[in-house]
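Biologist: Please take a close look at one charged part of the surface for me, and then walk outward from there to the rest of the chain. I am new to this, so please take the steps slowly.

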Amino acid sequence: VAEGTYEESVTVDVDGLTLESLEGPEETTITFDEDSGTPTVAIDDSSGVTVEGFTIERTDSGEVADDLDPFDEPLPNSVAHVRVAATDVSLVDNTYEVDGENDIGVLVSTDSSGAADNPDIGDLDIDNIEIIGGEIITTEGDEALAGLAVDADADESDDADFAEDPVTVEGVQFTSEDGAAFVTDFEGDVLNLNDIEGNNQFNPD
């Protein structure tokens, strides 16, 4: 992908697809600016997908985010910058700028809601999700929900499930301004938080 700013949402549901920028995240941005229920990048019901070398932003989530209480109802997938409901996915050397209320930089979920056309991901096992390098920046303090989060399908519209230790996070720089969570495991037993703490850098500004 050539350098530039791409104002759109991207849904990947094709096995083996690589989406890679030529000039890296400093020169290549995908941004989605709409008060709606769609992440900037949604990776759904697929395997072997790589997204590498982008700055990924989600703006103007508006009332969709403001009206949600993530502790009482399904997580707000609509405000995930990248939402992964797939298997064998690599997110490499991307920058995620999390700057809105209830926003999530990367959400790994068994829930397909919030993606374009709300696809049915069936009984897929969510496994081998790699987040390698890059930076997750939360800039709205405790209004942002998390840099990285995992959550299951709260309304059980999909039959997907997490495999054991499905997410690897290595070499990521987490930067949080004014108290936003770096990593949140809403399921409580999906992420290996000790490994994540040991293999990444955390900068509370």
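**A loop with a charged residue**

Modeller: In this predicted model, aspartate 123 is placed in the loop that runs between strand E9 (104–109) and strand E10 (125–126). Its relative accessible area is 63%, so aspartate 123 counts as exposed. This residue is one member of a negative surface patch, whose other members are Asp125, Asp159, Asp161, Glu187 and Asp189. A residue needs over 30% relative accessible area to be taken into a patch, and because aspartate 123 reaches 63%, it passes that cut-off.

Moving on along the chain, we come to asparagine 128, which lies in the loop between E10 and strand E11 (129–132). Its phi angle is near 55°, a positive value in a residue that is not glycine. Asparagine 128 has a relative accessible area of 36% and is therefore described as partly exposed. A further positive phi in a residue other than glycine, near 50°, is found at aspartate 165. That residue belongs to the loop between strand E14 (161–162) and strand E15 (167–170), and because its relative accessibility is 52%, aspartate 165 counts as exposed.

Loop residues can also be covered, as glycine 100 shows: it is found in the loop between strand E8 (95–98) and E9, yet its relative accessibility is 14%, so it counts as buried. The C-alpha atoms of glycine 100 and threonine 139 are 8.0 Å apart in space, although these two residues are separated by 39 places in sequence.

For a view of a strand, consider threonine 50, which is placed in strand E5 (residues 41–52) and which, with a relative accessible area of 18%, is buried. If we set aside the neighbours within four places in sequence, threonine 50 is in contact with Leu17, Thr18, Leu19, Ser90 and Val92.

Strand E5 also holds aspartate 44, and here we meet a charge in other surroundings. Side chains of opposite charge can pair when their charged atoms come close. A search of the whole structure finds one salt bridge, and it is formed by the side chains of arginine 83 and aspartate 44, with 2.7 Å from N to O. The pair links distant parts of the chain, since arginine 83 is in strand E7 (residues 80–92) and aspartate 44 is in strand E5, 39 residues apart. Both partners are covered: arginine 83 counts as buried because its relative accessibility is 0%, and aspartate 44 is buried with a relative accessible area of 1%. Aspartate 44 therefore falls short of the 30% that a patch residue must exceed, whereas aspartate 123, at 63%, is exposed.

Finally, we can place these details in the whole chain. The protein chain has two helices and 18 strands, and 51% of its 205 residues count as buried. Among contacts between residues at least 6 apart in sequence, 81% join residues that are at least 24 apart. The accessible surface of the chain comes to about 8,800 Å², and carbon and sulfur atoms account for 36% of that area.

Terms used: Residues are numbered from 1 along each chain as its sequence is written. This is a predicted model: local features need pLDDT of at least 70, side-chain atom pairs count only at pLDDT 80 or more; totals for chains, interfaces and linings use all residues. Side-chain values use heavy atoms; hydrogens and water are left out. Patches are made of residues with over 30% relative accessible area and no salt bridge: like charges are joined within 9 Å, nonpolar side chains (Val, Leu, Ile, Met, Phe, Trp, Tyr) within 5 Å. Accessible areas come from the Shrake-Rupley method with a 1.4 Å probe; for residues, only the protein chains shown count as cover. A salt bridge is a side-chain nitrogen of Lys or Arg within 4 Å of a carboxyl oxygen of Asp or Glu. Lys and Arg count as positive and Asp and Glu as negative; His and the chain ends are not counted. The place of a charge is taken as NZ of Lys, CZ of Arg, CG of Asp or CD of Glu. Helices (H or I, at least four residues) and strands (E, at least two) are DSSP runs, numbered from the N terminus. Buried means under 20% relative accessible area, exposed over 50%, partly exposed in between (1.4 Å probe, protein chains only). Contact means heavy atoms within 4.5 Å.
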